[in-house]
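Me: I'm new to reading protein models and would like to learn how the words used for them are justified. Could we go through this one together?

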Amino acid sequence: MRTKGQTSIHLLLATVVTIFGVMLMFITIAMSWEAWMVPVIVAGNSLVWILHIGRVGSETFYENLCAGLLMIGFFFFGVHHAVLYDIPGVACMVLLVFSMFDKKRLVYMAAGLYVLVLLYQFFILRTISQLANTQDAAHLSFGASLVVGSAAIAIYRINKRREDQSTQMRILKELETSGQQNAEFLSNVSHELRTPINMVLGISEVILDKVISPEVLEGLHSIRLAGKRLSNQINNMLDYTEIVEGTLTPAKETYMITSVLNDVITMTAMQSSRHQLEMVFDIDPKIPASLIGDSEKISHVLKILMENSIKFTEEGGINLCIGFRPESYGINLIIDIYDTGIGMTDSQLAQICDDFYQADSGSSRFAGGLGLGLPIAQGLLHAMGGFIHFESKGQQGLEVHITIPQGVADASPSMTVSHAENLSIACYFRPERYRSDELSSYYDNMILHMVEGLNIEGYQVHSLEGLQNLLQNHNLTHVFIAQSEYEENRSYYEELASSLRVVLIAERNFTPREDSRMLLIHKPFFALSVVNLLNGEAGENDFDEAQAAGRKPFSCPGIRALAVDDEEMNLVVAKGVLGSYGMQVDTCLSGREAVDRCAGSSYDIVFLDHMMPGFDGVETLKRIRELDDTVYQDLPIIALTANTVSGAREMFRNEGFTEFIPKPIERSVLERVLRKVLPPHCIQYGVTSAPQPKQLPEPQLQPEPQLQPEPQLQPEPEPSAPFASLAGIGVNVQMGLDYCNGEEDFYQEMLEMFQSQSEEKKAEIVSLYETADWANYAIKVHALKSTSLTIGAEKLSEQAKALEQAGKNADAEYIRQNHPVLLSLYDEVCACIASPEKISWQNEQEETANV
């Protein structure tokens with residue numbers, strides 16, 4: 001199959017061959033030359049057009065065929081009488097055509113064919129030897145000079161084109177190298193920034209837990225808000241580098257679109273309330289309940305686009321529409337986003353997805369950001385095989401249209417209502433209270449799509465009189481009204497609520513009176529909240545609970561779990577975290593022991609380290625699955641790993657794991673996995689066997705270098721002075737505390753265990769380094785990577801991560817250069833744990849010297 005650019009050149013070539021062939025046929029007939037040449041020309045031209053129209057054959061074959069037909073026609077023309085002085089013209093035409101190709105051999109062949117024709121004319125036809133005067137000789141010499149000049153020009157054009165192509169390729173390669181260097185620079189910068197930001201966020205969290213004055217509290221909240229904003233920008237930089245480097249791998253896992261929607265609503269709820277914007281979520285209830293794709297990337301794309309709309313919309317609102325179109329491979333997920341913002345010009349739309357582009361890039365621009373959001377969204381969509389298109393009509397807002405191919409795991413509708421035939425609802429909103437007509441149409445369309453998708457009887461009115469007419473003429477079961485309409489006539493709606501169900505759509509901060517009969521749904525008003533209410537689940541599964549999906553306290557009593565890791569410290573953490581859910585937890589230090597444990601005992605779930613000496617995680621998994629005639633074939637086995645690269649979930653599933661959890665274990669991820677892999681009857685909500693710790697703010701990528709924190713931001717040393725000294729050398733104390741359920745005693749125990757095992761672990765690493773056993777060296781530094789991150793030693797963990805990768809690649813030079821750095825960092829952390837006062841004093845001296 002030839003490309004579009006190639007076929008355009010080939011069309012010109014086919015046209016030239018055809019014109020030359022037609023002219024040659026007319027000359028053949030007119031001059032009474034050999035008639036057999038006519039069908040040959042017709043057959044050749046027909047073959048050229050068949051190949052061109054059907055795009056059949058390779059580029060080389062097509063060009064050689066055309067060149068061959070031209071040279072055959074030229075030779076046929078040149079071996080006849082009375083054409084001696086016309087031969088140079090035909091030769092120049094052939095040379096001109098051949099100059100379009102980057103093949104000098106065709107030019108040489110055409111020039112050689114011209115010489116051959118002249119020799120034929122001289123020796124066979126004897127037309128040249130019969131020249132009678134110098135004028136004829138001059139004509140012949142002029143023609144030969146013309147042919148030689150044409151050949152030289154053709155060669156020059158080919159050489160020039162080759163030089164231009166070489167220059168363009170060199171420039172393109174330089175641009176690609178420059179882009180790669182920019183990506184690497186951004187990655188390094190983001191890692192450099194992440195360390196101090198994590199420290200600022202961690203220390204601010206620690207101080208917020210203390211009793212402080214309102215003025216300081218307000219300042220700390222501002223610090224935390226600014227830190228989280230900068231942290232989000234750093235995350236965008238990391239996403240951008242992954243897209244540029246081409247390492248982005250979309251997952252293919254089963255998910256529910258309603259869960260993605262809940263994540264987006266949770267993110268936009270606070271931002272839209274700050275901007276006083278109306279958020280309308282128009283979701284087709286008939287979207288398949290379970291899809292197959294990468295829900296995290298889809299959620300990320302929607303958050304980027306919604307944040308962009310919120311940023312550039314000063315008043316009015318935003319409408320997110322999600323529908324679908326059935327396809328042979330599943331569905332196309334169709335997402336449209338409309339806003340009433342400032343819109344974009346045609347020139348801005350042309351650059352909207354350019355890297356670092358800002359529509360308002362001047363010094364007075366009112367919206368922040370790095371200009372990476374939309375390029376990241378486009379890169380994520382392209383990785384998933386999707387498309388994105390932007391439209392804008394001047395200052396009338398922006399429209400975003402997205403299509404994403406998705407598989408279907410469960411084709412049943414994602415939202416249904418029980419006994420829909422018995423329901424009749426009415427929605428009352430006054431459109432004049434909205435500042436723009438678009439908002440009214442957003443709500444009208446959302447309500448229409450909702451009642452059609454749920455197959456319920458529904459009406460919409462825009463006045464109180466219209467609602468009263470509906471009440472008189474129809475047997476309504478539910479009436480939905482906006483908060484503003486309710487506040488204008490409270491007594492009427494309270495009385496109406498005594499005879500049917502009246503649902504109030506209220507702002508997030510609205511609280512009804514204690515004696516109110518109204519049912520309450522907080523904004524945003526969308527199909528899922530209506531479905532939950534109509535199904536009688538508002539008390540248990542309304543939007544408040546949906547916003548906090550996955551954060552409802554639960555326990556797993558009676559569950560027997562086995563945790564397997566070659567690092568005792570990781571096992572202590574795993575046992576503490578899993579035990580807080582009421583599980584009975586057994587531990588073992590090797591894959592071989594895990595197989596023996598499973599052979600002798602029955603477990604409900606296994607947490608298995610992916611990288612261990614001897615039996616690694618994959619080998620242990622296979623042996624457990626094969627026990628007792630595959631009795632453990634369906635046993636949930638969760639991979640524990642510190643390698644959270646893109647596509648990790650897909651990789652572990654392909655190896656046979658049920659799910660995977662990054663190390664150190666974060667509760668939000670653990671709870672998601674537990675709800676997914678354990679039977680519903682094994683999870684008891686509302687009951688916990690241990691106090692629930694604070695959630696980590698969000699999963700943090702591991703940074704590299706550490707920076708000294710500002711002295712004034714350090715929390716008071718009591719009662720955790722050793723922790724303050726750890727923060728002084730760059731250890732993220734808050735991260736370590738979070739991984740230890742927020743318990744300082746538990747964290748102190750982890751620190752002491754880390755320090756007490758350090759000599760033995762270091763000796764093992766040094767021994768493997770000296771014997772150049774890089775495979776086992778990688779395993780040992782892999783273990784150090786996870787245990788150091790458990791206590792918050794991010795710099796040490798990152799150094800171990802780099803050496804682990806070098807060990808896997810047998811990169812001895814890199815290991816020899818960086819191995820001493822690892823040992824130095826290891827010693828520094830352990831020395832601080834053993835003698836925190838000394839380290840703290842040294843840091844104070846260094847700070848004093850710097851001042």
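Reply: Happily! Let's begin with pairing: two strands pair if DSSP finds at least two bridges between them. Keep in mind that this is a predicted model.

Me: How do you know that strand 8 and strand 9 pair?

Reply: Set the count against the cut-off. At least two bridges are needed, and five join strand 8 (residues 424–428) to strand 9 (residues 457–461), so they pair. The two strands run parallel. As one point along them, Ser424 stands opposite Glu457 in strand 9.

Me: What makes the crossover from strand 8 to strand 9 a β-α-β one, and which hand does it have?

Reply: The chain leaves strand 8, passes through helix 12 (residues 437–454) and arrives at strand 9. That is strand, helix, strand, and the crossover is right-handed. Right-handed is the word used if, with the strands pointing away from the viewer, the path over the helix runs clockwise.

Me: How do you know that strand 8 also pairs with strand 10?

Reply: The same test applies. Four bridges join strand 8 to strand 10 (residues 478–482), and the cut-off is at least two, so this is a pair as well. The strands run parallel, with Ala426 opposite Val479 in strand 10.

Me: What makes strand 9 and strand 12 edge strands?

Reply: Look at the order of the open sheet, which has five strands: 9-8-10-11-12, with parallel pairing. Strand 9 and strand 12 (519–522) each pair on one side only, and that is what makes them the edges. On average, neighbouring strands in this sheet are turned by 20 degrees against each other, direction ignored.

Me: In which sense do strand 4 and strand 5 pair, and how are they joined?

Reply: Strand 4 and strand 5 (residues 330–339) have ten bridges in the antiparallel sense. A hairpin of two residues joins them. Ile322 stands opposite Ile335 in strand 5. On another pairing, strand 4 (residues 317–327) runs parallel to strand 2 (residues 278–283), with six bridges; here Ile283 stands opposite Ile322.

Me: Why is His80 called buried?

Reply: Its relative accessibility is 9%. Buried means under 20%, so His80 counts as buried. His80 sits in the loop between helix 3 (59–78) and helix 4 (87–98). Beyond its neighbours within four places in sequence, His80 is in contact with Trp33, Glu34, Gln121 and Leu125.

Me: What makes the approach of His80 to Phe76 a polar contact?

Reply: A polar atom of the His80 side chain lies 2.7 Å from the backbone oxygen of Phe76. The cut-off is within 3.5 Å, so the distance fits.

Me: How do you know that the length of helix 3 agrees with what is expected?

Reply: At 1.5 Å a residue, its 20 residues should span 28 Å, and the end C-alpha atoms are 29 Å apart, so the two agree. The buried residues of helix 3 include Tyr62, Leu70 and Phe76.

Me: Why is Leu784 called buried?

Reply: Its relative accessible area is 5%, and the limit is under 20%, so the word fits. Leu784 lies in helix 28 (residues 774–790). Among its contacts further along the sequence than four places are Phe754, Ile765 and Leu822.

Me: What makes helix 28 mostly covered?

Reply: Of its 17 residues, 15 are buried. Helix 28 reaches 24 Å from first to last C-alpha, close to the 24 Å expected. After helix 28 comes Gly792, with a positive phi near 90 degrees.

Notes: Residues are numbered from 1 along each chain as its sequence is written. This is a predicted model: local features need pLDDT of at least 70, side-chain atom pairs count only at pLDDT 80 or more; totals for chains, interfaces and linings use all residues. Side-chain values use heavy atoms; hydrogens and water are left out. Buried means under 20% relative accessible area, exposed over 50%, partly exposed in between (1.4 Å probe, protein chains only). A polar contact is a pair of N or O atoms within 3.5 Å; within protein, one must be able to donate a hydrogen and the other to accept it, and residues adjacent in sequence count only if both atoms are side-chain atoms. Contact means heavy atoms within 4.5 Å. The expected span of a helix is 1.5 Å times one less than its number of residues. Axes are lines fitted to C-alpha atoms, for helices over the stretch in contact, and angles run from 0 to 180 degrees between N-to-C directions.
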